[in-house]
Amino acid sequence: MSQRLVEIWVGVFVAIGLAAMMVLALQVSGLTELRQPPGYHVTAKFDNVGGLREKAPVSMAGVRVGRVEAIRLDPDSHQAEVKMRINERFGAIPADSAAAIYTSGLLGEQYVGLEPGWETEPLADGDRITETQSAVVLERIIGQFVTGMQD
Amino acid sequence: MTGLFQALGQRTLNGLRGLGEAVLLMGRILRAAPEVVVRPRLLVEQIYAVGVLSLVIILVSALFVGMVLGLQGYYTLSDFGATEAVGTMVALSLVRELGPVVTALLFAGRAGSSLTAEVGLMKATEQLSSMEMMAVDPERRILAPRFFAALLAVPLLAAVFSAVGVFGGYLVAVGMVGVDGGAFWSNMQNAVTIQDDILNGVIKSVVFGFLVGWIALHKGYMAVPTSSGVSRATTLGVVHASLAVLGLDFLLTALMFD
């Protein structure tokens with residue numbers, strides 16, 4: 001094999017190796033997200049998001065319609081503001097829909113569930129879902145139960 | 001009785017002598033490092049021989065290892081209703097352990113054995129001594145480029161192995177058995193960290209590359225210059241390199257992930 005071909009193959013090999021390291025750094029350890037599906041953003045404020053994480057599914061009637069993109073603490077209301085990205089295919093979600101945080105699976109994987117409202121106007125980019133229900137925190141329920149028992 | 005002790009003592013001394021020779025050889029190879037910079041063409045040829053030609057076996061094994069991990073992880077985790085954690089399991093197993101270790105084992109079998117056989121045959125056909133006659137240092141011309149090629153190729157191959165393995169796990173978990181793709185990636189990204197997992201995996205694979213290259217070249221260089229000697233050196237090279245990789249992996253894991 002000619003020297004040129006050997007050099008080309010070694011170049012390809014080194015490039016593949018470095019690309020694999022980049023994939024491991026970016027995609028597997030999650031420094032940034034590489035691909036983004038087309039969609040629009042909506043936000044919702046929750047009193048408590050529990051174990052909700054970025055990239056958790058957003059579903060409606062059990063069908064995944066989008067993903068949680070960012071979670072931050074609102075400095076004024078001290079609530080958690082969840083930014084969601086809804087897939088473009090699901091463009092007809094009523095604007096007065098409600099959002100709640102539910103748990104799936106035994107390890108407590110949490111997701112945002114949307115309940116449809118009655119309005120004909122659909123959710124648009126930048127809208128805020130006002131009606132929300134926080135994550136169920138088991139310790140709080142047990143605490144309430146125990147205090148109720150003592151009374 | 002004395003014969004038994006004599007045999008034991010002889011074996012110990014032989015082992016120590018071999019170790020001493022290997023350490024001295026490594027010292028000479030490291031001293032020859034500038035040659036690799038002066039003549040990068042030698043290094044490129046060796047990277048082709050040990051790295052590029054090992055790519056296919058690494059790619060295929062990684063894909064299947066990842067797919068098996070995805071499937072087994074799904075079966076086990078579905079008993080606990082925690083199938084979303086399959087991404088975490090696949091990625092951590094690959095990045096921390098299987099990527100570096102299986103790559104090093106495959107590398108020892110595919111490239112290490114060919115290094116031993118090549119160098120051993122050069123010795124048996126007296127090419128090495130004729131180089132010395134012509135005032136060409138065989139350690140600089142033959143051993144150093146091969147050693148540094150192994151040192152560079154193994155971490156790159158291990159990274160390819162881990163990345164392709166994660167993809168194989170994704171194919172099975174998300175494509176075949178229907179785990180949510182977003183949960184697969186998000187749980188994985190939450191659990192895997194650059195510093196603790198990926199960097200330690202890279203350090204491991206550099207150590208393994210050093211080890212496999214060193215053992216393969218030492219076995220070839222010290223081979224008895226006959227056909228049976230070369231074949232024995234090749235077998236021993238693969239066996240010793242594999243055992244050393246597995247043993248050292250335990251030690252490194254104990255040190256790194258406490």
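**Salt bridges and the interface of chains A and B**

The side chains of R64(A) and D180(B) form a salt bridge, with N and O 3.3 Å apart. R64(A) belongs to strand β3 of chain A, residues 63–73, and D180(B) to the loop between α7 and α8 of chain B, so the pair joins two chains. The structure is a predicted model. R64(A) is partly exposed, at a relative accessible area of 36%. D180(B) is also assigned as partly exposed, at 22% relative accessibility; the cut-off for a buried residue is under 20%.

D180(B) takes part in a second salt bridge, to R67(A), with an N to O distance of 3.7 Å. The rule finds 2 salt bridges across the interface of chain B and chain A. Polar contact across this interface is found for 4 residue pairs, both residues being at pLDDT 80 or more. Five elements of chain B each give two or more residues to the side that touches chain A: α3 (40–50), α5 (86–124), α7 (138–176), α8 (181–191) and α9 (194–221).

The size of an interface is often given as the accessible area lost when the parts come together. For chain B and chain A, about 2900 Å² is buried between them. Carbon and sulfur atoms account for 73% of this area. Y48(B), L156(B) and Q189(B) supply 21% of the area that chain B buries against chain A. No other three residues supply more. In terms of residues, the contact takes 39 from chain B and 34 from chain A.

Chain B has 10 helices and 0 strands. Its elements, from the N terminus on, run α-α-α-α-α-α-α-α-α-α. The C-alpha atoms of chain B fill a box of roughly 65 × 55 × 30 Å along the principal axes. Of the 258 residues in chain B, 49% are buried. Among contacts in chain B with a separation of 6 or more, 85% link residues 24 or more positions apart. Chain B exposes about 11900 Å², and 69% of that area comes from carbon and sulfur atoms.

Two sites within chain B were examined individually. Q46(B) lies in helix α3. Q46(B) is buried, at 10% relative accessibility. Outside its neighbours within four places in sequence, Q46(B) contacts G51(B), L115(B), P145(B), R146(B) and A149(B). The other site is a salt bridge between E35(B) and R39(B), whose closest N and O atoms are 2.8 Å apart. E35(B) is buried, at 10% relative accessibility. R39(B), by contrast, is partly exposed, with a relative accessible area of 37%.

Over all chains, the count comes to 16 salt bridges. In chain A, E81(A) pairs with R72(A), the closest N and O atoms lying 2.9 Å apart. E81(A) is buried, at a relative accessible area of 11%, whereas R72(A) is partly exposed, at 44%. Both residues belong to a network of salt bridges that also links K45(A), D74(A) and R128(A).

Chain A also carries a nonpolar patch on the surface. The patch is formed by V136(A), L138(A), I141(A), I142(A), F145(A), V146(A) and M149(A). Together these residues have about 710 Å² of accessible area. I141(A) lies in helix α2 of chain A, residues 138–150. The relative accessible area of I141(A) is 42%, so I141(A) is partly exposed. This value passes the cut-off of over 30% set for residues in a patch.

Another residue of chain A, L5(A), is found in helix α1, residues 3–28. L5(A) is partly exposed, with a relative accessible area of 39%. L5(A) and G91(A) are 86 residues apart along the chain. Their C-alpha atoms are separated by 52 Å.

How values were computed:
Residues numbered from 1 in each chain as written. Chains lettered and ligands numbered in written order. Predicted model: local features only at pLDDT ≥ 70, side-chain atom pairs only at ≥ 80, totals over all residues. Heavy atoms only, no water. Patch = residues over 30% accessible without salt bridge, like charges linked within 9 Å, V, L, I, M, F, W, Y side chains within 5 Å. Areas by Shrake-Rupley, 256 points an atom, 1.4 Å probe, with all protein chains shown as cover. Salt bridge = Lys/Arg side-chain N within 4 Å of Asp/Glu carboxyl O. Helix = DSSP H or I, 4+ residues; strand = E, 2+ residues; numbered from the N terminus. Buried < 20%, exposed > 50% of the residue type's maximum accessible area, 1.4 Å probe, protein only. Contact = heavy atoms within 4.5 Å. Buried area = accessible area lost by both parts, 1.4 Å probe. Polar contact = N/O pair within 3.5 Å; in protein donor to acceptor, adjacent residues only side chain to side chain.
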